[in-house]
Amino acid sequence: MTAPEHATGYVPNPSYSQEDWDEVSDTPELTDGEIAELRPNGEGLPTDLADAFKRLAGRPKSEAKAVPVSLRVPPNVLAAYKAAGAGWQTRMNEALAAALAPKKMKLRWRTKMKAFKRGKKRGRIGMTARKGKAA
């Protein structure tokens with residue numbers, strides 16, 4: 001009787017190929033003694049390597065630490081942010097920060113027929129600037 005070409009139990013998927021499965025299929029399961037000897041959190045690693053893993057773990061440290069606050073918002077506003085999916089707190093924070101940004105000059109089209117007929121030049125014809133007003 002001949003040995004099968006490929007190891008059994010492989011289910012096709014994008015994460016790993018049949019060749020990957022074949023390569024590790026003969027790896028024996030850990031014994032109870034080997035499991036008892038396992039050490040968590042890099043205890044078996046060299047000190048400098050374990051320290052490097054600890055430094056890189058978690059989110060990057062922020063220069064300006066956020067301050068927790070309690071804020072009351074209308075239910076429909078909260079529902080709208082949450083409906084947009086994960087990260088709603090970040091999007092809400094960005095909207096609050098954008099409100100503090102200096103107002104940019106918004107350009108608004110306005111027909112100034114008298115000025116146009118008199119030949120006055122104002123940059124682009126019919127365009128005026130109004131500070132702080134939406135277009």
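**Largest pocket and the α4–α5 contact**

Fourteen residues, written here as 14, line the largest pocket, and those nearest its centre are Val67, Val69, Gln89, Asn93 and Leu96; a pocket is an open set of points on a 1 Å grid where a 1.4 Å probe fits, with protein on both sides within 12 Å along at least five of seven lines, and lining residues have an atom within 4 Å of a point. The model is predicted, with local features requiring pLDDT of at least 70 and side-chain atom pairs pLDDT 80 or more, whereas totals for linings use all residues. Residues are numbered from 1 along each chain, and side-chain values use heavy atoms without hydrogens or water.

The largest contribution to this lining, six residues, comes from α5, a helix being a DSSP run (H or I) of at least four residues.

Helix α4 (residues 75-83) and helix α5 (residues 88-100) have axes, fitted to C-alpha atoms, that come within 8 Å and cross at roughly 120°. The two helices are therefore oblique to each other, the term for angles that are not under 35, over 145 or from 65 to 115 degrees.

Terms used. Axes fitted to C-alpha atoms, helices over the stretch in contact; angles between N-to-C directions.
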